[in-house]
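Trainee: I have this model open and would like a close look at one part of it. Could you walk me through the sheet and what surrounds it?

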Amino acid sequence: MKYNSINNAKRYFTLPNEIFCIGLSSGEIAVYSYLLRCENRKTYQCYPSYKTIGQALKMSKNTVRKYIQSLEEKHLIETEKTEVYTKTGQKRNGTLLYTIRPIAEAIDYFHSDQLWRNA
């Protein structure tokens, strides 16, 4: 098989080095990494379900939910509820839409939180 940088680029994603400096647990890093893997690199958004994330990371849906909430609190992601319509026209809750926030915001939040805790 011939090396193709375009196809190869689709097989990898970058992980900011700073996530190892802002006090994340291994579970938070795993969930954050999975969201980065799934994100659309133009919109910084993705929408895997708790179940999908849990299956990929061998975690329960409740554990995934806990880590998602923690990542939101640490300003790494934002979540937004979505709606879907069935074939019969009924409105249902969809999966969450995740937006990956700039890492600089999370770092600033981490440092200000540390200053506040040590004051």
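Mentor: Happy to! Keep in mind that this is a predicted model. Let's begin with β2 and β5, which run antiparallel and are joined by four bridges. One place to find this pairing is Glu80, whose bridge partner in β5 is Leu97. Now widen the view: the open sheet has three strands in the order β1-β5-β2, with antiparallel pairing. Its edge strands are β1 (45-46) and β2 (77-80), each pairing on one side only.

Two helices pack on this sheet. Helix α2 touches β1, β2 and β5, and its direction makes about 95 degrees with that of β5. Helix α4 touches β2 and β5, with its direction at about 120 degrees to that of β2.

These elements also lead us to α3. The buried residues of α3 (residues 50-57) are Tyr50, Ile53 and Gly54. Seen down the axis of α3, they fall within an arc of 100 degrees, so they line one face of the helix. What covers them includes α2 (26-38), α4 (61-73) and β5 (97-100). Just after α3, Lys58 takes a positive phi of about 60 degrees.

As a biochemist you may also wonder about the cysteines. The disulfide count is zero, using a cut-off of 2.5 Å between sulfur atoms. The sulfur of Cys46 is the nearest cysteine sulfur to that of Cys38, but it is 5.4 Å away, and Cys38 is in no disulfide. Cys46 is likewise in no disulfide. Their surroundings can be compared too: Cys38 is partly exposed, with a relative accessible area of 27%, whereas Cys46 is buried, at 2%.

Note on methods:
Residues are numbered from 1 along each chain as its sequence is written. This is a predicted model: local features need pLDDT of at least 70, side-chain atom pairs count only at pLDDT 80 or more; totals for chains, interfaces and linings use all residues. Side-chain values use heavy atoms; hydrogens and water are left out. Buried means under 20% relative accessible area, exposed over 50%, partly exposed in between (1.4 Å probe, protein chains only). The arc is that of the directions from the helix axis to the C-beta atoms. Contact means heavy atoms within 4.5 Å. Two strands pair if DSSP finds at least two bridges between them. Axes are lines fitted to C-alpha atoms, for helices over the stretch in contact, and angles run from 0 to 180 degrees between N-to-C directions.
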